[in-house]
Amino acid sequence: MFNCNLCTKKVGCEDKTKVVCVTCQNLFHVKCTKINFTDLDDLKETSKKWRCSDCELSSGTLPAAESSNILDLLGGLTEEVRELKSKLQEIDELKELKEAPQNQSELSFENMDRLLKIETLLEDQKTHVENNRLKTKISELESRLNFTEQYLLDRR
């Protein structure tokens, strides 16, 4: 028998509601770590590694759930970047057409209007990408703050 590293009560070797930190090898009751049973089942089924709050804090990494949220946000940002690159290419082509002296006669009002619309869309997309970047940063900071608060509460 070992003791839970948080509550110091006994943890049986055959206890199915225990979890072991892969870094420090300490045992914990699942309820003490605030891991829900769905996450515990996921850890066992996928052989994912779990770290206690002390080891997470010292490593500077985010918990898996928060990492997943950030990866989802990054996936959305990747798609937006692709769209922006496509629009930038189109803008560059129109600017070349606009700036080339021999092609001045080819630049119609329709192309000018199209260029203005694309430039407006580009500015909107830049703002949207910056907003998403800031949301990601805020989410990361909130996660770290929550994690630190929980760590301090657990240390009492």
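## A quick tour: pockets, cores and cysteines

Let's start with a pocket: the second largest one has a volume of about 170 Å³. The model you're looking at is predicted. Its protein chain has 156 residues, and 26% of them count as buried. Here's the rest, topic by topic.

**The pocket**

- The lining of the second largest pocket is made up of 13 residues.
- If you want to find its centre, look for K18, V19, V20, L40 and K44, which lie nearest to it.
- Strand 3 (18–20) and helix 2 are the elements that each give two or more residues to this lining.

**The overall layout**

- Count up the secondary structure of the protein chain and you get five helices and four strands.
- Walk along the sequence and the order is β-β-β-β-α-α-α-α-α.
- Take the contacts in the protein chain with a separation of 6 or more: 51% of them are between residues 24 or more positions apart.
- The accessible surface of the protein chain is about 11200 Å², and carbon and sulfur atoms make up 53% of that.

**The nonpolar cores**

- As a bit of background, nonpolar side chains in soluble globular proteins tend to be buried together.
- Here, the largest nonpolar core has 14 residues, and V19, C21, F28, I35, W50 and C52 are those with the most contacts inside it.
- Strand 4 (27–29), helix 1 (30–33) and helix 2 (37–46) each put at least two residues into this core.
- There's also a second, separate core of six residues, including L84, I91, L94 and L115.
- V19 is worth a click: leaving out residues up to four places away in sequence, V19 touches N26, L27, F28, V30, T33, I35, L43 and W50.
- You've met V19 before, as one of the residues nearest the centre of the second largest pocket.

**The cysteines**

- A disulfide is a covalent bond between the sulfur atoms of two cysteines.
- How many disulfides does this model have? The count is zero.
- Take C24: its nearest cysteine sulfur belongs to C21 and is 3.6 Å away. The cut-off for a disulfide is 2.5 Å, so C24 is in no disulfide.
- Why is C32 not bonded to C7? The sulfur of C7 is the closest cysteine sulfur to that of C32, but at 3.7 Å it is too far for a bond.
- Are C24 and C32 buried or exposed? C24 is partly exposed, with a relative accessible area of 29%, whereas C32 is buried, because its value of 16% falls under the 20% limit.

Methods: Residues numbered from 1 in each chain as written. Predicted model: local features only at pLDDT ≥ 70, side-chain atom pairs only at ≥ 80, totals over all residues. Heavy atoms only, no water. Core = buried A, V, L, I, M, F, W, Y, C linked by side-chain atoms within 4.5 Å. Buried < 20%, exposed > 50% of the residue type's maximum accessible area, 1.4 Å probe, protein only. Contact = heavy atoms within 4.5 Å. Areas by Shrake-Rupley, 256 points an atom, 1.4 Å probe, with all protein chains shown as cover. 1 Å grid on protein atoms, 1.4 Å probe; cavity = no way out; pocket = protein on both sides within 12 Å on 5 of 7 lines; lining within 4 Å. Points joined across faces, edges and corners; volume = space filled by probe spheres on them.
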